[in-house]
Amino acid sequence: MPPAGRPAGERALGGVRVVFPAALGPVPFAAMLLADLGAEVVRIDRAGAAGVIDTALADDPRTRGQRSIGIDLKHPRGRAVAVRLAASADVLLEGMRPGVMERLGLGPADLHAVNPGLVYGRATGWGQDGPLAQTVGHDINYIARSGALHPIGDPDRPPAVPLNLVADFGGGGAYLALGVLAALVQRGRTGRGQVVDAAMVDGAASLTTMIHGMLGSGAWRPERGANLLDGSAPFYRAYRTADDRYVAVGAIEPPFYRALLDGLELDPDDWPQHDRSRWAAQRTALAEIFASRTRAEWGKRFHGTDACVTAVSTPDEAAADPELAARGVFVDWDGLRQPAPAPRLSASPPVARPRCGQAADTAEILAELGLGRDEADELRAARAVFAAPALP
């Protein structure tokens, strides 16, 4: 078990220490979620390594609430520091290809030998085992193979790429954080940690659970663009406006659909909702109607109604939206506007957490591990550890 006596604090995960080697994709997102809930998060950086894609670590909101230490995990003395750090932790997260952490001497068996209570969270594309385990890939590959990509987009075009939200963040980072929290709860009963195997292909497939249920019941057609939620329904899709912007329409329930027709001054008798033979013509007609006014005009027309018509905002517009500001959906922390922590806990309100640059807290963390100044200097001289700025 990690050392007892760290103060729990008032935050949900106060007193929980999370350690992770810097990585791309799901791991830094999971680390952010845990930090937002109050965990103490320590990132292990390596010299010369890039941060996230096109974003310096110091500019990345996912580093909020973290501290960082520079360690060469391939150096024997650096590896010893990492083991010492893991021995003090409750959770270790890693996003290496299967087998890499074992070859470094930092696999689950190695670290459970010094910390039996450690929750060891692993994020990969295809999982720790199976025929695809060593295959490389990215978000688009995992959602393609899992069946999550095919239903997205227009039927006469290739599937639309939903950024990297489905596998990296939804099916990867969020599921990794969920598994870690479950393992922490169980550790509270048993005193022992375990391995959380969070494969993005697993998570992406899990996100399609409802679709499989609809397929089984005959309520979903295998082809793209023929279903209630894939943009085929005229009352559940986006439309271009006169100013070349877009509005999203989501009037699924009959009362909401009636409110949509009322706002558009359309006769319900001429607009049956679920006659699929008429959907194509209805989509064309609604496209012409929405193209006749600007996005702002439609927003004013439907504001306060139950028609489920919403402006499609850019990320910048969403961050500046006054109604979202009233809810506090975005926050200005550390000189950067960014999404606020979610979900919200009534007894643990979010607090501002600064972002963290590379190896920014090496000296402080080494001291916390009980290493004196002379030993820390020796480790730096041997290039087993480094502090910002990184060694060349």
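**Exercise 1. The faces of β8**

Task: In this predicted model, state which residues of β8 lie on its covered face and which on its uncovered face.

Solution.
Step 1. The covered face of β8 is made of Val247 and Val249.
Step 2. Tyr246, Ala248 and Gly250 make up the uncovered face of β8.
Step 3. Both valines also appear in the strand pairing: valine 247 has alanine 311 of β9 as its bridge partner, and valine 249 is the bridge partner of arginine 237.
Step 4. Alanine 248, from the uncovered face, has threonine 310 in β9 as its bridge partner.

**Exercise 2. The sheet around β8**

Task: Give the strand order of the open sheet that contains β8, name its edge strands, and identify the helix that packs on this sheet.

Solution.
Step 1. The open sheet has three strands, ordered β7-β8-β9, with antiparallel pairing.
Step 2. Its edge strands are β7 and β9 (309–311), each of which pairs on one side only.
Step 3. On average, neighbouring strands of this sheet are turned by 25° against each other, direction ignored.
Step 4. The helix packed on the sheet is α10 (residues 279–290), which touches β7, β8 and β9. The direction of α10 makes about 40° with that of β7.
Step 5. As for the bridges, β7 and β8 are joined by five, and β8 and β9 by three.

**Exercise 3. The β7–β8 turn**

Task: Find the residue with a positive phi in the turn of the β7–β8 hairpin, and decide whether this residue is buried, partly exposed or exposed.

Solution.
Step 1. The hairpin formed by β7 and β8 has five residues between the two strands.
Step 2. β7 covers 236–240 and β8 covers 246–250, and aspartate 244 is in the loop between them.
Step 3. Phi of aspartate 244 is near 65°, which is positive in a residue other than glycine.
Step 4. The relative accessible area of aspartate 244 is 49%. Exposed requires over 50% and buried requires under 20%, so aspartate 244 is partly exposed.

**Exercise 4. The loop between β11 and α14**

Task: For the loop between β11 (336–339) and α14 (362–368), locate a cis peptide bond and a non-glycine residue with positive phi, then classify alanine 359 and arginine 355 by accessibility.

Solution.
Step 1. Proline 343 is in this loop. The peptide bond leading to proline 343 from alanine 342 is cis, with omega near -5°.
Step 2. Alanine 359 is in the loop as well, and its phi is positive, about 50°, although the residue is not a glycine.
Step 3. Alanine 359 has a relative accessible area of 1%, so it is buried.
Step 4. Arginine 355 also has its place in this loop. Its relative accessibility is 19%; the cut-off for buried is under 20%, and therefore arginine 355 counts as buried.
Step 5. Not counting residues up to four places away in sequence, the contacts of arginine 355 include Asp59, Asp60 and Asp334. Among the others are Ala58, Pro61, Trp333 and Leu336.

**Exercise 5. Two cavities**

Task: Say how many cavities of 30 Å³ or more the structure holds, and describe the linings of the largest and the second largest by residue class.

Solution.
Step 1. Rolling a probe the size of a water molecule over the atoms shows where empty space is left.
Step 2. There are two cavities of 30 Å³ or more. The largest holds about 80 Å³ of space, and the second largest about 40 Å³.
Step 3. Residues lining the largest cavity include Arg11, Asp36, Pro343, Arg344 and Ser348. Pro343 is the residue reached by the cis bond of Exercise 4.
Step 4. By class, the lining of the largest cavity has five nonpolar, one polar and three charged residues.
Step 5. Pro21, Ile44, Ala82, Leu92, Met101, Leu106 and Leu111 line the second largest cavity. That lining has seven nonpolar residues, no polar and no charged.

**Exercise 6. The whole chain**

Task: Summarise the protein by secondary structure elements, dimensions, burial and contact range.

Solution.
Step 1. The protein has 15 helices and 12 strands.
Step 2. Along the principal axes, the C-alpha atoms fill a box of roughly 80 × 45 × 45 Å.
Step 3. Of the 392 residues, 43% are buried.
Step 4. Of the contacts between residues at least 6 apart in sequence, 67% join residues at least 24 apart.

Methods
Residues numbered from 1 in each chain as written. Predicted model: local features only at pLDDT ≥ 70, side-chain atom pairs only at ≥ 80, totals over all residues. Heavy atoms only, no water. 1 Å grid on protein atoms, 1.4 Å probe; cavity = no way out; pocket = protein on both sides within 12 Å on 5 of 7 lines; lining within 4 Å. Points joined across faces, edges and corners; volume = space filled by probe spheres on them. Nonpolar A, V, L, I, M, F, W, Y, C, P; charged D, E, K, R; others polar. Helix = DSSP H or I, 4+ residues; strand = E, 2+ residues; numbered from the N terminus. Buried < 20%, exposed > 50% of the residue type's maximum accessible area, 1.4 Å probe, protein only. Pairing = 2+ DSSP bridges. Axes fitted to C-alpha atoms, helices over the stretch in contact; angles between N-to-C directions. Contact = heavy atoms within 4.5 Å.
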